[in-house]
Number of protein chains: 2
Amino acid sequence: MSKVKLKDIADKAGVSLMTVSRVMNNEPKVGAKTRQRIEALAKELNYSPNVAARQLSSSKSYFIGIVCEHVNANYVSKFLVGALKQCRTNGYHIVIDETAGEIGKALSIVKELIHETKVDGMILLPPLTDIPEVLALLKEVNIPFVRIAPDIDLLASAYVCMDDYQAAYDITEHLVKSGHKRIAHIIGNENQGVSRLRYQGYLDALRSHRLLSPPEYIEQGDFTYKSGLVAAEKLLSLTELPDAIFASNDEMAAAAMSVAHKNRLDIPEQISVVGFDDTELASTVWPRISTIRQPLKDMAILAIKLLTEPENSLTNNPSVVKRHILPYQVCLRESSK
Amino acid sequence: MSKVKLKDIADKAGVSLMTVSRVMNNEPKVGAKTRQRIEALAKELNYSPNVAARQLSSSKSYFIGIVCEHVNANYVSKFLVGALKQCRTNGYHIVIDETAGEIGKALSIVKELIHETKVDGMILLPPLTDIPEVLALLKEVNIPFVRIAPDIDLLASAYVCMDDYQAAYDITEHLVKSGHKRIAHIIGNENQGVSRLRYQGYLDALRSHRLLSPPEYIEQGDFTYKSGLVAAEKLLSLTELPDAIFASNDEMAAAAMSVAHKNRLDIPEQISVVGFDDTELASTVWPRISTIRQPLKDMAILAIKLLTEPENSLTNNPSVVKRHILPYQVCLRESSK
DNA sequence: CTGAAAGCGCTTACAG
DNA sequence: CTGAAAGCGCTTACAG
C-alpha cells in the first residue's frame, strides 16, 4: 500500500504526468474530458500530493502565518486546532506568532512572516485585524490574507465572522420569552466593534418586545472579570433589581454570578445571567452559563480553505466572495431559565 | 540573500557535500578536524537545512505526533504553542489528535499516527500517558516517544515532568509562614497520581512545621469546579473554620473562593485560598489566585528536542537521561497573604 | 574516513 | 491543449 503519485495516475489515464499535475492544480488548459477522467481516477486512487516534493520544486512555502495577540488566549487555541486540522488535509503548515500585548509589534511580525518565513498566506486574528499599517503592507506585497471578525475597512480582505448583533438579539429574546422583564446589560470593551454590535442586539430585542431598557440597567464593562464585578455590584444594589443580566462575554457573566451569590440571590430562580463566547469558564462555574458559541473551529477551517484552495484564489479573482458569516449556536444552560 | 545549502558549505570547506551532510546529521565517521571546520562554517553562514528536501529524500516524515484528551484543554494549548515553536526551529511539524473523552480511542489514534501519518516520534499528554496497551505498542514498533508527567512504568520512555510534591510543599509552607494555622486541603481526582503527590506535599509541609491536619480539614474533590463547591461548603460550615484552603487545582480554588464570598468571608483577610496550575482562571477571578505555574512551554520545548535532536537519540542510546524534572514557579497573588 | 551517482515526487519553463 | 527535460536540496546505498 505505497502512496500513489502523479505518475501512477498518468499511467492509468494514458497521459503524461504533466497533464495530471495541471488537473490537480486546477490549471485551465486541459481538455474537459481528460480533466474529468483524471479527477475521477485521482479520487478513486485516493491521491494526495506529496507536500515535500511540491514545496521543494515550487516557489511556494506551503506555510500559512497566523498573527494574534496572545497564543494562549482561549479563542486563539480553539482557532488553532481547526487551522491545524485543515492544514493537514490541504498539505500546508502553520506558523503562529503573537504580539504579546505590544500592538506595535504586529507590523514587524507580519514583515518577518513575509520575508523570513515566506508564508503563502496570512490570517489576522482580532484585535490585530484593524491595524492600517498592516493592511497597507499586506496589500502592497500582494499576499493573500484573511481576517477574522474585523472591524474596519471590510473590503480590504476576505474575512470570516459571525453575526454578533443577531446572536445578542437571540439570547436577549430568549430571556424575554422565558418571562424576564427587567433585563440589564454589561457592555464589553468600548474599543471593540463587537461590544457595540452586542449592545445593539440587546437594545433591539428589548424594543421589539416593547420592554424598557432604563439607563441604570446599562453598565459599561471592558470584558474583564473585574469590570464585571464592578458593574454587577452596581446593578445588584439598585432599588428595583434586574431579573436578568446579559453580559457581553462569559468572564463578566461569571463575575455577575459571583456578586449575585454573594448577595444571596439564587441563580436562575431570582436572577438569570447569560454571557457570550462559550469559553471554558462558561461550563466551569456552577451553575454553568447560558451563552453564545462562536464557530471558531469552522472559522479556522474556512480561513485556511480560502487561503490554500486554488478555486478560492484570493489574488486573481475579483469575483470571489469576501464576506463569510458563519452560524453561531445558542447554548442554554443552568444560569438562565 | 538566497538560502545557503549544503553545497555552499562544501565548496568553502573544500570537501564534498556528503561530508557536510554527515556532519549536519551528527554521523560518526567524519574526521574531527573536518567536522569542526564544517560546523564553524555552518554557523557562520547561518545554515539551516531545507526541510522539504530532507523529507523527500529520506524515509523520515519529520512529523511529531501529539496525543491528548482534549485539544482545547488549557494545558494542552499552552503545551502546543511551545511545541510548535521548537518544531519550527528544528524543521519538524506537529500533528495533534485527541481522544475526546473516549480513552479507548487512544490506541487507534496512536496506530493511525504510526501507520498513516508515519510520525517520527510521539508525545503522550496526561492522562494518556499511562495506558499499558499504548506503551506496549509504541515499544513494539520502536517509535521514540516522550511522556509528560506520567504516573506508571516510568522507565518505559523518556519523560518530562515537574515536582508536584515539592511544589505543594512550597505553597503550603508559604501559607504556614504567613501565619496560617488551620490549613485545609481539597484533594484532586483520586485516579491521578498528581493528586496524591500534592496531598503528600501538603501533609509533609504541615508536619514539618508541627501543625495539625485534622481529618475534617481534608476533603476529596475531583478537580472540577463543582466538586470544589461541595468540598468548600463542608469546610466552611465547620465550627472551627480553616484560615486557609489549599485546593489541588485552580478550578477548585476558584470554587472555594466563591463559597467564601457567599459566606461573607473576606479573602485574604479572613481566609486565604491557593490553587495549583496557574490556568487562565487563576488570574481571571478576583482576587486573583495564588498558585503554582507549571513550566508547560519548557516541557514542550524539551520534549520536542528529545525527539528531534540526534544527540538525544532515544532509540539507540541507552545512556540517555530519561527523567527530566523542570522547575516550577510559585505565583503569589491577592488570594493569600 | 570520504565521495560520485541516483533518486525522492513534484513544478517550472520551454517546445510543439 | 499536451509532453519531455531539468532541477529543487537533500539522503540512501554503494564504492573506494
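## A proline in a loop of chain A

Let's start with Pro287(A), which sits in the loop between α12 (280-284) and β10 (291-293) of chain A. What is the form of the peptide bond from Trp286(A) to Pro287(A)? That bond is cis, and its omega is near -5 degrees. As you look around, keep in mind that this is a predicted model.

Chain B has a cis bond to look at as well: the one from Ile267(B) to Pro268(B), with omega near 5 degrees. You can find Pro268(B) in the loop between α11 (250-262) and β9 (272-274) of chain B. These bonds are worth a second look because most peptide bonds are trans.

## Positive phi angles in chain B

Now let's turn to another backbone angle, phi. Most residues other than glycine have a negative phi. Ala149(B), however, has a positive phi, near 50 degrees. Its place is the loop between β4 (145-148) and β5 (158-162) of chain B. Is Ala149(B) buried or exposed? The answer falls in between: Ala149(B) is partly exposed, with a relative accessible area of 25%.

Asp277(B) is another residue of this kind, with a positive phi near 120 degrees. To find Asp277(B), look in the loop between β9 and α12 (280-284) of chain B. Asn46(B) also takes a positive phi, of about 60 degrees, and comes just after helix α3(B). That helix is described next.

## A helix with a buried face

Helix α3 of chain B covers residues 32-45, which is 14 residues. From the first C-alpha to the last, α3(B) reaches 20 Å, close to the 20 Å expected at 1.5 Å a residue.

Which residues of α3(B) are buried? They are Arg35(B), Ile38(B), Leu41(B) and Ala42(B). If you look down the helix axis, the buried residues of α3(B) fall within an arc of 135 degrees, so they line one face of the helix. The cover over these buried residues includes α1 (6-13) and α2 of chain B. On the face of α3(B) turned away from the buried side, you will find the exposed residues Ala32(B), Lys33(B), Gln36(B), Lys43(B) and Glu44(B).

## The surface near DNA strand C

The model also holds DNA, so let's look at strand C. There are 24 residues around DNA strand C, and those that come nearest are Ser21(A), Tyr47(A), Ser57(A), Thr19(B) and Arg22(B). Which helices each supply at least two residues of the surface near this strand? From chain A they are α2 (17-24) and α4 (51-57), and from chain B they are α2 (17-24) and α4 (51-57). The residues of this surface divide into 10 nonpolar, 10 polar and 4 charged.

Which part of DNA strand C lies within 4 Å of the protein? Of its atoms within that distance, 67% belong to sugar or phosphate and the rest to bases. You can look up some individual pairs of atoms too. A backbone N or O atom of Leu6(A) lies 3.0 Å from a phosphate oxygen of DNA strand C, and a backbone N or O atom of Gly31(B) lies 2.9 Å from a phosphate oxygen of this strand. For Thr34(B), a polar side-chain atom is the partner, 3.2 Å from a phosphate oxygen of DNA strand C.

## The surface near DNA strand D

DNA strand D is surrounded by 24 residues, and the closest are Thr19(A), Arg22(A), Ser21(B), Tyr47(B) and Ser57(B). Sugar and phosphate make up 65% of the atoms of DNA strand D that come within 4 Å of the protein. Helices α2 and α4 of chain A, together with α2 and α4 of chain B, each supply at least two residues of the surface near DNA strand D. That surface is made of 10 nonpolar, 10 polar and 4 charged residues.

Here are some side chains to find on screen. A polar side-chain atom of Ser21(B) lies 2.6 Å from a phosphate oxygen of DNA strand D. For Tyr47(B), the distance from a polar side-chain atom to a phosphate oxygen of DNA strand D is 2.8 Å. Lys5(B) likewise has a polar side-chain atom 2.8 Å from a phosphate oxygen of DNA strand D.

Conventions:
Residues numbered from 1 in each chain as written. Chains lettered and ligands numbered in written order. Predicted model: local features only at pLDDT ≥ 70, side-chain atom pairs only at ≥ 80, totals over all residues. Heavy atoms only, no water. Near = heavy atom within 4 Å. Polar contact = N/O pair within 3.5 Å; in protein donor to acceptor, adjacent residues only side chain to side chain. Helix = DSSP H or I, 4+ residues; strand = E, 2+ residues; numbered from the N terminus. Nonpolar A, V, L, I, M, F, W, Y, C, P; charged D, E, K, R; others polar. Expected span 1.5 Å × (residues − 1). Buried < 20%, exposed > 50% of the residue type's maximum accessible area, 1.4 Å probe, protein only. Arc of directions from axis to C-beta. Contact = heavy atoms within 4.5 Å.
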